[in-house]
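Biologist: Could you take me through one part of this protein in detail? I would like a close look at the salt bridges, with enough of the overall fold to place them.

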Amino acid sequence: MTKFITSGIILLPLAITLVAPFFIWLFRKNINLRETVSFVAATSTFVSVLSLVPKVLSGHIYLYHLFTLLPGITVKFCVDGLSLIFAVVASFLWIFATSYNIGYMRSLKEHAQTRYYFCFAVAIFGAIGVAFSANIFTLYLFYEIITIFTYPLVAHHQDEDAYTGARKYIVYLMGTSKLFLLPAMIMTYVLAGTLDFHLGDMVHGIFPATADPMWVTVTYILFIAGLAKAAIMPLHNWLPSAMVAPTPVSALLHAVAVVKAGVFSISRVILSGFGIQTMDALNLGIPTAYVAAFTIVVASVIALTKDDLKARLAYSTVSQLSYIIIGVTMLTPMAVTGGLAHIAHHAFSKITLFFAAGAIYVATHLKKISLMSGLGKKMPWTFGAFAIASLSMIGVPPVCGFVSKWYLVNGAVDINRVILLTALLLSTALNAGYFGPIVYKAFFEQPRPEVNITEFKEAPLTMVVPLTITAMISVLLGLYPEPFLQFIRIMMK
């Protein structure tokens, strides 16, 4: 039996991430203090999130009603197992991203660094807010905060390419949220009479049995289209276009805040909004899973064609995000476990890949995979970490991506869906096809004659240490996946 606790303690991570950007701005003329604030805020946020874990694992759910705007329209927060998966990942990886940011931004002598750190911190505030949202209205507010404050990060270089990519980014994400997500929220309130998630029970959603099935189905489709941060095709093109941003921003987009907010929100809406019973009764899950399967395979095929490293990683992200969607929409315990676990497992591995890409650029100014032959001997730590994270994306044990895929494959077998199983297995082969050559080139090919690698060396330690640690954590989570699996189990009780 789930027990609810009303406690303002859940506001502490939100308060820290809300205040931190203003201190970053306050210390804008002292770069050491400015970056110290980011470190302190990231660590404090992580510790405050961890303090919520014991009660949640004992079967409790935190709730806190902040204020009411209109009858039925409230800003309300919760912390349950699903909240902690996202919040723990976002707050923990912020610590490593801060170290990496320092090495990257200082090495390249980037402009507007205070604005950069300010927006980065607000994006984490938005991510924690999404994770802790107890209703659709609160989730909508924080979802939009992420979009607004990551726009300057995408446009950071302030050149033609940056503005083009940022424009597509904001049009896609703000456009879909206004055209689809906002109407979905209104229709939910009309049909269900509430916007509060049904917490502590994944089976029964918030829609009553008397709700018109056709309109419930329309509402569901609007939610899936409105949450375009999940990058399900055809609403994915903003993500590769956003690769014009600095590499740490790409890591934020792909591993920590933005895309994870998308797949988390879809998972929350499906499991705590519609519920497995409604999803099954209206046959909403499997058609969505087929769209996700299509995205997985097609994005992987496109990734094979990209010579630009960040572009290949971007399409890899489009593909990998749909593992989460396919898992949640198969609606079986095994599949849901695999999908939700992949929120965390993908985050650690993908941030390692983007950290490595940035380290390569800082050390060599190379972006093309075809020019990276022999670099592994000059940058063994960076390419070693890249190789480990690549194994996770492929699904090779003992790295954590294997755990997610094991649950997903078993979930597809449980419901006897050959198409979904084929897509999962085919994507594994495709992942090997576009990651394997990168590692092979780096370690086993001779350097290209037009690239003089003799003076190349590893990027600064502030960059190499974080990517090495996140790669090691990917292995540890593969050997011992319990930290995140226990959050999922507590949801399913």
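**The salt bridges in their setting**

Modeller: Happy to. Please keep in mind that this is a predicted model. Let me begin with the contacts: residues 24 or more positions apart account for 80% of the contacts in the protein chain with a separation of 6 or more.

The chain that makes these contacts has 20 helices and three strands. Its radius of gyration is 21 Å, close to the 23 Å that the globule rule gives for 493 residues, so the chain is as compact as a globular protein of that length. Along the principal axes, the C-alpha atoms fill a box of roughly 70 × 55 × 45 Å. Of the 493 residues, 62% count as buried. About 17500 Å² of the protein chain is exposed, and carbon and sulfur atoms supply 69% of that area.

Now to the charges. The protein chain carries 30 positive and 19 negative charges, and the mean positions of the two sets are 5 Å apart. The count of salt bridges comes to eight, and I will walk you through some of them.

Let us start with Arg34 and Glu35, which form a salt bridge whose closest N and O atoms are 3.1 Å apart. Are these two residues buried or exposed? Arg34 has 3% relative accessibility, and because the cut-off for buried is under 20%, Arg34 counts as buried. Glu35 also comes out at 3% relative accessibility, so Glu35 counts as buried by that cut-off. The pair has a further partner: Arg34, Glu35 and Arg106 are linked in a network of salt bridges.

Next, look at Arg448 and Glu450. These residues form a salt bridge as well, with the closest N and O atoms 2.8 Å apart. Arg448 has a relative accessibility of 29%, so this residue counts as partly exposed, the class that lies between under 20% and over 50%.

Further along the sequence, the side chains of Glu482 and Arg489 meet in a salt bridge at 2.7 Å, N to O. Here both partners fall in the partly exposed class: Arg489 is at 39% relative accessibility, while Glu482 has a relative accessible area of 25%.

If you are turning the model on your screen, you could take these pairs in order. Arg34 and Glu35 are buried and share a network with Arg106, whereas Glu482 and Arg489 are joined by a salt bridge and are partly exposed.

Notes:
Residues numbered from 1 in each chain as written. Heavy atoms only, no water. Helix = DSSP H or I, 4+ residues; strand = E, 2+ residues; numbered from the N terminus. Rg over C-alpha atoms; globule rule 2.2 N^0.38 Å. Buried < 20%, exposed > 50% of the residue type's maximum accessible area, 1.4 Å probe, protein only. Contact = heavy atoms within 4.5 Å. Areas by Shrake-Rupley, 256 points an atom, 1.4 Å probe, with all protein chains shown as cover. Lys, Arg positive; Asp, Glu negative; His and termini not counted. Charge placed at Lys NZ, Arg CZ, Asp CG, Glu CD. Salt bridge = Lys/Arg side-chain N within 4 Å of Asp/Glu carboxyl O.
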